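Thank you all for coming; I would like to take you through one model this morning, starting with the overall fold and then moving to individual residues. Please have the sequence and the structure open while I talk.

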Amino acid sequence: GKGLQKEIERNILHMKRIIISIGIIAVIIALGCSAIAYIAVHNSKLYGKIDEVIASYEQNKGVVQSISELEDFYRKYSRRLGCITNDESLAEISVSISRLAPMYESKCDEFTAECTQIKEYAKKILDSEIPCWYRIL
């Protein structure tokens with residue numbers, strides 16, 4: 001009768017809530033995974049640009065141009081990255097990249113170390129996006 005029908009309707013309502021909840025969780029996980037994938041792909045490109053800067057520095061050819069290409073790439077990357085990660089890490093990379101041209105012009109022997117430091121900052125951004133139990137608990 002009526003009691004059974006109400007029980008069925010209540011169960012259907014609970015099922016809908018469960019399905020909606022699972023859907024929301026799936027979307028959150030998908031967004032997180034796509035953000036991590038995006039950072040991983042673009043970090044690889046960033047590493048490539050940094051390696052080009054180091055190679056041109058070691059060969060002493062086209063250093064200013066390779067630094068300029070790195071700056072252009074990072075400017076575009078950081079705009080999108082700003083939606084995903086915190087500003088502190090982005091600022092560290094920006095400062096290091098902006099120091100490269102003056103360091104090269106003043107023949108600073110820390111130039112390649114600064115390039116390596118940029119890679120470390122980028123790796124730190126990727127690592128901070130990967131979920132870990134100690135961050136959740």
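Let me begin with how the elements are assigned: helices (H or I, at least four residues) and strands (E, at least two) are DSSP runs, and they are numbered from the N terminus. With that in hand, Val63 can be placed in helix H2, and I will come back to that residue later.

Before going further, a word on the basis of all this: residues are numbered from 1 along each chain as its sequence is written, and side-chain values use heavy atoms, with hydrogens and water left out. This is a predicted model, in which local features need pLDDT of at least 70 and side-chain atom pairs count only at pLDDT 80 or more, whereas totals for chains, interfaces and linings use all residues.

Now the overall picture. The protein chain holds five helices and zero strands, so that the pattern read along the sequence is α-α-α-α-α. The C-alpha trace spans about 90 × 25 × 20 Å along its principal axes, and the radius of gyration of the protein chain is 24 Å, where a compact globule of 137 residues would have a value near 14 Å. That radius is taken over C-alpha atoms, and the globule rule is 2.2 Å times the number of residues to the power 0.38.

How much of the protein chain counts as buried? Of its 137 residues, 26% do, where buried means under 20% relative accessible area, exposed means over 50%, and partly exposed lies in between (1.4 Å probe, protein chains only). As for contacts, meaning heavy atoms within 4.5 Å, if we take those in the protein chain between residues at least 6 apart in sequence, 68% of them join residues at least 24 apart.

Let us turn to the interior. The largest nonpolar core, that is, a set of buried Ala, Val, Leu, Ile, Met, Phe, Trp, Tyr and Cys residues joined through side-chain atoms within 4.5 Å, has 26 residues, of which Leu46, Tyr77, Ile93 and Phe111 touch the most other members. Two or more residues of this core come from each of helix H1 (2–59), helix H2 (63–81), helix H3 (87–105) and helix H4 (111–129).

Phe111 is a good residue to click on here: leaving out residues up to four places away in sequence, Phe111 touches Val53, Tyr57, Val63, Ile67, Leu100, Met103 and Tyr104. Returning to Val63, this residue counts as buried at 2% relative accessibility, and, with the same sequence neighbours left out, Val63 touches Ser56, Tyr57, Tyr104 and Phe111. The C-alpha atoms of Val63 and Leu100 are separated by 9.8 Å, although the two residues are 37 apart along the chain.

Which residues does the buried Ser96 touch, apart from those up to four places away in sequence? Ser96, in helix H3, touches Glu114, Ile118 and Tyr121, and its relative accessibility is 3%. Seen from the other side, Tyr121 lies in helix H4 and is in contact with Glu92, Ile93 and Ser96, once its neighbours within four places in sequence are set aside. The C-alpha atoms of Tyr121 and Glu92, which are 29 residues apart along the chain, are 7.0 Å from each other. Ser89 is also in helix H3 and counts as buried at 7% relative accessibility; beyond residues up to four places away in sequence, Ser89 touches Lys124 and Ile125.

Next, the loops and their backbone. Most residues other than glycine have a negative phi. Asn60, however, in the loop between H1 and H2, has a positive phi near 55°, and this residue is exposed with a relative accessible area of 55%. Lys107, in the loop between H3 and H4, likewise has a positive phi near 55°, and Lys107 is exposed with a relative accessible area of 67%.

Last, please look at the beginning of the chain. Lys2 is in helix H1 and counts as exposed at 72% relative accessibility. Between Lys2 and Ile20, which are 18 residues apart in sequence, the distance from C-alpha to C-alpha is 27 Å.
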